[in-house]
Structures are given as structure tokens and as C-alpha cells.
Amino acid sequence: MFKKLLIFAGFLAILGACTTQEQELIKEPISLKEVLEVLTEEGYNLDEKENIATESVFAQELNAVTPEVYSIEENMLSIYIFASPTERAKGIVDFEEKTATMEVIEHHSYGINNILVFYVSEDEKLQKDLFDALILLDTPK
């Protein structure tokens, strides 16, 4: 329980920092098309998952947004596109509240601008490579 509270406190600290950054520099929202283009350009094969277990915490609705779910190397990738970074932050809080009492499997989350991505995998190298690809969405063009 202490570990979950510590993680939640970390998320709140990150959310606070993100809010301050948003006020300094407002960026255009990122679209699903842009996310898919970057991942494809970086060499990822995305297979759309149509029959997802509805009980998966990584495919649930967060802050009124349902994710697009894909598979990368047989691991689940959920992409949430929110209207703004503030709405994404609310989605993160929603996720934390819904999973606070659960034992959630190994995953990694990426919050960039208005998008939230969950990648369910234990492969640390793939997680880092995926982050490196997604961060390209946050760099000036």
C-alpha cells in the first residue's frame, strides 16, 4: 500500500510540473495519426487489437476517453488522445484512482502533451526505445 501511495505522490508531483510547463508554452494537441506515424517511422509494427478483454485496466475509459489499442511484439499498447494536457493529467488521476486497490501487472506509461500511452511489457529495452520514439512527438519540428 505504501508503494502505491508513493507512486501516486510521484504522479501528482509530475502533474504539477506539467501544469506549470503548460502555462509557459501551449502546444498543439497531438493526434492519433501523428502517434502512429512516429511509431511506424521508428520501425514498430502495430497490430490493431479489436477483441480486447474489457476487464483490462489498460483498455478502460479514462476521463471519458477510450483508448485505441494495438499490439507491439505481442505486448499491449494503449493510446489515449485527450483534448489537452490538463485532460490527460485528469486521465492519469482517474487511472490511479481506479487501480489503487489492484495489483497491476508490469507496464510503463508515457504522458506527452495531450497523449497518454500505456505499454504492457517487462522488456526494459523495448520500453526505453518506445519512450525515445514517443518523445519525438514533443520535439519542435
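This is a short tour of a predicted model, moving from one loop residue to a helix, then to a group of aromatic rings and finally to a second helix.

**Stop one: Asn-113**

Begin by selecting Asn-113, which sits in the loop between β4 (108-112) and β5 (115-119). Is this residue buried or exposed? With a relative accessible area of 12%, Asn-113 counts as buried, because that value falls under the 20% cut-off. Now show what surrounds Asn-113: leaving aside its neighbours within four places in sequence, the residue is in contact with Lys-27, Glu-28, Pro-29, Ile-30, Pro-85 and Arg-88. Of these, Glu-28 deserves a separate selection with its backbone displayed, since the side chain of Asn-113 reaches the backbone oxygen of Glu-28 at 2.7 Å. Before leaving the loop, draw a line from the C-alpha of Asn-113 to that of Leu-137, and the viewer should give 8.6 Å, although 24 residues separate the two in sequence.

**Stop two: helix α3**

Two of the contacts of Asn-113, namely Pro-85 and Arg-88, lead to the next selection, and both are listed with the buried residues of α3. Select residues 85-99, the 15 residues of helix α3, and compare the ends: at 1.5 Å a residue the helix should span 21 Å, and because its end C-alpha atoms are 21 Å apart, the expected and modelled spans agree. Colour the helix by accessibility next, and the buried residues will include, besides Pro-85 and Arg-88, Ala-89, Gly-91, Ile-92, Asp-94, Phe-95, Glu-96 and Thr-99.

Then pick out Lys-90 and Glu-87, whose side chains meet in a salt bridge with an N to O distance of 3.4 Å. Both residues belong to helix α3 and lie 3 residues apart, about one turn of the helix. Lys-90 counts as partly exposed at 44% relative accessibility, and Glu-87 likewise counts as partly exposed, at 25%.

**Stop three: the aromatic cluster**

Phe-95, one of the buried residues of α3, also opens the way to a cluster in which ring pairs link Phe-58, Tyr-80, Phe-82, Phe-95 and Phe-118. Across the model, the count comes to 6 aromatic pairs. As one example, select Tyr-80 and Phe-82: their ring centres are 6.0 Å apart and their planes meet at 10°, so the pair is stacked. Tyr-80 and Phe-82 are both buried.

**Stop four: helix α4**

Finish with helix α4 (residues 124-134), and show the side chains of Asp-129 and Lys-125, which both lie in this helix, 4 residues apart, about one turn. What joins the side chains of Asp-129 and Lys-125? They meet in a salt bridge, with N and O at 2.7 Å. Asp-129 is partly exposed, with 27% relative accessibility, whereas Lys-125 is exposed, with a relative accessible area of 58%.

Then add Asp-132 and Lys-128, again a pair within helix α4 and 4 residues apart, about one turn of the helix. Asp-132 forms a salt bridge with Lys-128, and the closest N and O atoms are 2.7 Å apart. Both partners count as partly exposed, Asp-132 at 32% relative accessibility and Lys-128 at 49%. For the model as a whole, the count comes to 5 salt bridges, among them the Lys-90 to Glu-87 bridge in α3 and the two in α4, Asp-129 to Lys-125 and Asp-132 to Lys-128.

Technical notes: Residues numbered from 1 in each chain as written. Predicted model: local features only at pLDDT ≥ 70, side-chain atom pairs only at ≥ 80, totals over all residues. Heavy atoms only, no water. Helix = DSSP H or I, 4+ residues; strand = E, 2+ residues; numbered from the N terminus. Buried < 20%, exposed > 50% of the residue type's maximum accessible area, 1.4 Å probe, protein only. Contact = heavy atoms within 4.5 Å. Polar contact = N/O pair within 3.5 Å; in protein donor to acceptor, adjacent residues only side chain to side chain. Expected span 1.5 Å × (residues − 1). Phe/Tyr/Trp six-rings, centres within 6.5 Å; stacked < 30°, edge-to-face > 60°. Salt bridge = Lys/Arg side-chain N within 4 Å of Asp/Glu carboxyl O.
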